[in-house]
Each structure stands twice: as C-alpha cells, then as structure tokens.
Amino acid sequence: PQLPNPSGVRASGSTAGISSLKPAAGFECTTGERVLQESILARIAESGESFTPHSVARLLAYDLNAVSCQILELWHQALNVVAFCYREIASMLRTQWEERIIDQWSLSIVREKMSSNLAEPENKSIGDAHTAAAENLRKTVKPRSPELASIEDTTLFPSIEQRPVLFDQRCVGVAGMDVKGIPHPSVWESRVPSAPKQYRGVHLFVLCHGFQGNSFDMRLMKNNIALLYPDAIFLCSQSNEDNTEGDFQEMGIRLAQEVGNFICDWCPGTALGRLSFIAHSIGGLIVRSAIPHLQDFRDKMFTILTFSSPHVGYFLKNISLFHLGLKVLQSWRGSQCLTQLSMADADDPRKTMIYKLSQTPGFEYFQNVVLVSCFSDSYGPFDSARVEIGNMLGMHTAQEAYKEIVQNLWKNVKPERVFRFDVNFHIPENNLDTFIGRAAHIQFLECQPVMRMLIHNFSFLFR
C-alpha cells in the first residue's frame, strides 16, 4: 500500500526528501548524527506532527518508498538501453573478463627468447633449468587481487602452488619483431580471444589422438576451444582408433582421407578459412604423415600444435623402466609403429620411416608451429618433442642420422613461426606412473589449466 505523505505535499522521485537525510561519510560520528537529527526534526515540524517514534518511522518509510521508486525507474531505463545495444554491452563485458583471465594466467607463464638456430639450442640443459625455475616461481609468486569486486568461478584457477608453469620460447625479440624485423601476428593482433578475425570462412580444428587412443581423448581440448571460439568446427579423428600400432604412412593416408571427406561435407568451396591440427603423442607423427596428402589445403594450413610428440623417435640407449617396457611391447605385440619409432624398421637409419618422414614437407606449410613438451615425460622424450639436438643426443642409437633428421625438419621453416612451450606440471603423487614418466604424458589430455592457459594467452594460435 502507498504510504501517506507526512508533509502533506505530493512528492515525486526527484523531489522526495531523501536528499535531506545526507548519509554522508562519517555517519557514525557525532556531527553526522546531529545533522540527521536536525533534518528529521525540521521535516516533522513542517508536517505539523509532534516528534514521536511513530512520526519518525513514517518519515523514514516514506523516504524508502521514494528511493525504491527512483531505483525502479532507473532500472527500467537501463533495460530500455540494453534492448538497443545488448551486443555491445555483452562484448564489452566479455572483453573485460578475457583481459582478467589473461592477467591471471600470465602469473604462471615465463617468456624466453629462443635462438634462431632451431636445431641446436644455446642452453642444452634447459629442461633442468626450467624445473628449478618452476619450483621457485610457485614459492615466490603471489596471486593478483581483482581490480573490481566480481563474481567468478574460483575453480577455474587452481592455487599458484598447484598450477602448471609454462615456459614460452620463441624467436620474437623484445620489440615484438621477428628475426627479419617483420611484426608477428602475436604482436599486432588483439590478445583477447573474442577479437574480430582477419579472414573469411570457418576455422577447422583436426584433433588426433595418440597410441591406443580414441577420439574421446581430445574432448577436453576441443571443449575448451569451443567455449572461446563457438564459430569453429572440429574433427576428432576416428580413422585410426582401431589400428594405432600399424604403419605411420598408412595411418597418415587414412587421416588425410578423413579430413578431406569432412571438408567436402561441412566446409566445401571457399567456406574453409583456416585448417589447424592438434595432436597428442604419436598423433603428431600421424598428422605429419597426412600433410603430404592434403596439398589441396596447404594455403589454408594455420597452426600445428603437438603435445609431447616424439617427432624424432625414441632413444633406446636409455635403459629405463619405460624403455624396457617399450622393447617388450614391441617384440610381444609386433607393433609396427613402435618399431618405426625406435628406428628399428631398417638396418640403415637413413632408410627408416622417421628419416624419410623428415624429408617430406610438413612444418613449413603452417603459420604457427607449436611444440609442447615436458621434461618429466618419458613417453615423449624431451629433445624429440622439441625437435632439437640437446643433452639426450648421446642416448640415440644413430646420432648422425638424428642430427640430419632435426636439420631436415627445420630446413624450410621460418624461425619466427616456431613456438616451444615447455610445461612443468605439479604432480604430488609418487607412484609407478610418475616414476616411468607416464603421469606427465597423460596430463596433456587431462590438465585443463594448461589448455586454458594456451587458449587464452595465445589466442592468435586459435583465432
């Protein structure tokens, strides 16, 4: 019910007496209380009523009712504005949120400059150095407080101590230029994922699983990309689910046929804007085996991202529990792909599949070559996943052939297009999987913080 006007005068929202209450700063002090009391007494005297608790209550109730009317009027005006520019408001709010997310993940990213000599790093003990730096970062870095009070899902960000640490290595200088003085897209493109894209058509992501895997393995990576890029389309490869132990060339042909058929069905003609590949483990070699059969789409190839893929094979001089198990599995199951990874498919290392694959075109077709590795991952040897000649060279059975493979892979690739991401996971469990290096290998499929870190902070790779 509408409350009566204690002053006998009809008041609108703008003429209500709430302004005379003046709830100024310092309301709890004596001066503030005196001002409020004088204001109430003067208004009650104007209404002709006596100063009683009942009259004071009526006055306050009237003022509250007037304020609620003003708020309701403003709310309806705001709704009218939103109806005409809801897209702009949603875009503004999303951009602000993306900026905050990028700043939060940046705490766990260490940026380093990489030599333009992609084959041989300046620091061949970079894995040990990154392990020590990651532990120090988790102990010293403190989380940033948000600038504005906001409601957010805190489960998106694990504590600093539990976050993976990502070391970003690239050949881009401090001024944001590549080795030839040309700005890389990572410099001039907006860093927020929702920024407008610079091309026509859809972006197709092909996700390829690893050894004895299936299309479901890549679901988390796909879902995280789809959240930020709802217009993208995805192909989670199924063509090699039943035969990941066969010949890499055959697996590559099956993947190429699957990709070609998918493009014909879902983005024919000029509908395809960009084509990117994301692969885990031996999926990286399957993708490389498929690229020569996808020449029709070479101008559309954009990003190739491999998670711990042994591009240069395994090093079987290292007598670890994993390598012993690998030899047993290779001989027991007669796995052809493991034989090829071990470079045991030919007596001459230069006639092996790994060597021949390095001579076929691949990385040079892509605008971004992203190699993600982990020093504690034995399933994807560190140097092999990074495609470099490092400290593990002495463990290889054919060192000269290994060097030639690395040189072949980088021969026609522009250094400014290469990104090496070394991830240090926080794995508190000490079990068999951790001991043999499997735990870190599986983390690339299960650790969503790493996926979000990549997708948010390196959006130019996925846009």
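**Close-up views of a predicted model**

Twelve is the count of aromatic pairs in this predicted model, that is, 12 aromatic pairs by the ring-centre rule.

**View A. The edge-to-face pair of Phe375 and Phe382.** A pair of aromatic rings is described by the distance of the centres and the angle of the planes. For Phe375 and Phe382, the ring centres are 5.3 Å apart and the planes stand at 90°, so the pair is edge-to-face; the cut-off for that class is an angle over 60 degrees. The two partners are unlike in accessibility: Phe375 is partly exposed, at 38% relative accessibility, whereas Phe382 is buried, with a relative accessible area of 5%.

**View B. The tilted pair of Phe419 and Phe460.** Here the ring centres of Phe419 and Phe460 lie 5.6 Å apart with their planes at 45°, so this pair is tilted. The pair joins distant parts of the chain, with the two positions 41 residues apart in numbering. Phe419 belongs to strand β8 (residues 418-424), and Phe460 to the segment after α15 (448-457). Phe419 and Phe460 are both buried. Together with Phe421 and Phe458, they form one aromatic cluster.

**View C. Arginine side chains over phenylalanine rings.** Arg274 is placed over the face of Phe302, at 3.8 Å from the ring centre. In a second case, the charged end of Arg288 sits over the ring of Phe363, 5.8 Å from its centre.

**View D. The surroundings of Ser308.** Ser308 is located in the loop between β6 (301-307) and α8 (321-333). With a relative accessible area of 0%, Ser308 is buried, because the cut-off for that term is under 20%. Its side chain makes a polar contact with the side chain of Asp377, at 2.3 Å. When neighbours within four places in sequence are left aside, the residues in contact with Ser308 are Ser281, Val372, Asp377, Gly380, Ala385, His441 and Phe444. Asp377 thus appears both in this contact list and as the polar partner of Ser308.

**View E. The cysteines Cys171 and Cys447.** Cys171 is buried, at a relative accessible area of 2%. Cys447 has 10% relative accessibility and therefore also counts as buried, since its value falls under 20%. Zero disulfides are found in a search of the whole structure.

Notes:
Residues are numbered from 1 along each chain as its sequence is written. This is a predicted model: local features need pLDDT of at least 70, side-chain atom pairs count only at pLDDT 80 or more; totals for chains, interfaces and linings use all residues. Side-chain values use heavy atoms; hydrogens and water are left out. Helices (H or I, at least four residues) and strands (E, at least two) are DSSP runs, numbered from the N terminus. Buried means under 20% relative accessible area, exposed over 50%, partly exposed in between (1.4 Å probe, protein chains only). A polar contact is a pair of N or O atoms within 3.5 Å; within protein, one must be able to donate a hydrogen and the other to accept it, and residues adjacent in sequence count only if both atoms are side-chain atoms. Contact means heavy atoms within 4.5 Å. A disulfide is a pair of cysteine sulfur atoms within 2.5 Å. Rings of Phe, Tyr and Trp (its six-membered ring) pair if their centres lie within 6.5 Å; planes under 30 degrees apart count as stacked, over 60 as edge-to-face and the rest as tilted. A charge sits over a ring if NZ of Lys or CZ of Arg is within 6 Å of the ring centre and within 35 degrees of the ring normal.
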